[in-house]
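Here are my notes on this entry, point by point. Please read them with the coordinates open.

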Amino acid sequence: MDGSQLTGPQLNDLPDDSELLRPYVSGLRQRARAQLLPLCTLDFSDGFLIRFLRARDFDVELALKLFLNYQRWRRECPEISGCLAPRSVLGLLNNHYHAVLPQRDHAGSRVLVYRIAQWKPKNWSAFEVFRVSLMTSEMICTETETQRRGLKVIFDLQGWTLGHALQINPSLAMKISAVLSDSFPLKVRGIHLINEPMFFRPVFAMLRPFLPEKIKQRIHMHGSDFCDTLTDFFPLSLLPPEYGGEGPDIEEACQEWTNQLLQSEKLLEQIAAHPTGDIGVAPGDSAST
C-alpha cells in the first residue's frame, strides 16, 4: 500500500521517518520553496514540515496555506515573534497565569489553562500575555502526540475587568485570532470559557469574526456553573480540584509548566531568532533546487 491510499488520520499515526510520508513532505517542501523565494532561500527540515502536514491531516494544499501563514506572521509581527524568552514574562508566569496540564485528555489532546485573574493589566500588556501563548504553542507543537491529537483550552475569565478589555483593540484581536486559528501547526479541538462575565461579550464579539467556522463550532461557554458541564468534556482525573476534578492543584500545574518553559529558554530564543522558526536547519543552509 502506498501513502496515497491511506487516509489523513492513518498517515498521522505513522512515524516521522516512514517512507509513506516522504511524497507529502517532498511536495510541501517544493511548494513552500517556490512560494517563499526570494523572501527565503533556506531549506526546511522534514520534522518541521511534518508539523504542518499533521495539523491538516496530510492535505498538502491546506498544509501549505498554514505554513505560509506561519511564515507571514513571523515576518510581519516582529513585536510578537521577535521575543520568546520566558524570563521576559516571568512575573506573569510566576503569578500562576498559565498551565499545560500534565495529563492528556481521553482523546490524547493537550489541555491548556489560562487564568485571567492572574493577569494584571497595569503590569503586563496584552502583547506580553500573548507571548506566553506563543511560547507554549512552539513547545507543544514539537510533541508528536500533540501534532496528532491537538489541544484544548480552558479560559478561566474570573476577574475579567475593564482594564483587560481596554488592552484588546481590533488590530490585536485580528492578529491573535489569525495566529492561533490558522497560522500555527496545531489542531484546536476545543475552547472552553468559564466564569465569563457579561462585559466580556463585547470583546468576544470582536474576536469572533476573525475565527474560522470550525473553531467557532468548538467554543463552549460554561458560565459560573462550569463544574456541572466541564466534566462532560474532561475526565475528573485531569481537571484540577479548582475546576471540579481530582488532578493536580492548578497552582502546582502552573509552576510545573513555568519550570519547563524556563528549562527550554535557549530553545525558544533560537526559534525566535531563526528566519523561519525551523531550527532543524541552520540559517546558512540554502535550499537546493
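1. Arg56 counts as buried, because its relative accessibility is 11% and the cut-off for buried is under 20%. Keep in mind that this is a predicted model. Arg56 sits in the loop that runs between helix 3 (46–55) and helix 4 (60–76). Setting aside neighbours within four places in sequence, Arg56 touches Leu62, Ala63 and Leu66. Its contacts also include Ser181, Asp182 and Lys214.

2. Phe58 belongs to the loop between helix 3 and helix 4 as well. Its phi is positive, at about 65 degrees, although Phe58 is not a glycine. Is Phe58 buried or exposed? Phe58 counts as buried, at 4% relative accessibility.

3. Asn195 is another residue to check on backbone geometry. Its phi is about 60 degrees, again positive, and Asn195 is not a glycine. Asn195 lies between strand 4 (188–194) and helix 11 (201–207), in the loop. With a relative accessible area of 17%, Asn195 is buried; the limit is under 20%.

4. Now the cysteines. How many disulfides does the count give? The count comes to zero. Cys77 is in no disulfide, and the nearest cysteine sulfur, that of Cys83, is 15 Å away. Cys77 counts as buried, at 8% relative accessibility.

5. Why is there no bond from Cys254 to the closest cysteine sulfur? That sulfur is in Cys227, 17 Å from the sulfur of Cys254, which is too far for a bond; a disulfide needs the two sulfur atoms within 2.5 Å. Cys254 is buried, with a relative accessible area of 0%.

6. On overall form, the protein has 14 helices and five strands. Its radius of gyration is 19 Å, which agrees with the value near 19 Å for a compact globule of 289 residues. Along the principal axes, the C-alpha atoms fill a box of roughly 55 × 40 × 35 Å.

7. On packing, 53% of the 289 residues are buried. Take the contacts with a separation of 6 or more: 75% of them join residues 24 or more positions apart.

8. On the surface, the protein exposes about 12900 Å². Carbon and sulfur atoms supply 53% of that area. For charges, there are 30 positive and 34 negative. The mean positions of the two sets are 5 Å apart.

Key. Residues are numbered from 1 along each chain as its sequence is written. This is a predicted model: local features need pLDDT of at least 70, side-chain atom pairs count only at pLDDT 80 or more; totals for chains, interfaces and linings use all residues. Side-chain values use heavy atoms; hydrogens and water are left out. Helices (H or I, at least four residues) and strands (E, at least two) are DSSP runs, numbered from the N terminus. The radius of gyration is taken over C-alpha atoms; the globule rule is 2.2 Å times the number of residues to the power 0.38. Buried means under 20% relative accessible area, exposed over 50%, partly exposed in between (1.4 Å probe, protein chains only). Contact means heavy atoms within 4.5 Å. Accessible areas come from the Shrake-Rupley method with a 1.4 Å probe; for residues, only the protein chains shown count as cover. Lys and Arg count as positive and Asp and Glu as negative; His and the chain ends are not counted. The place of a charge is taken as NZ of Lys, CZ of Arg, CG of Asp or CD of Glu.
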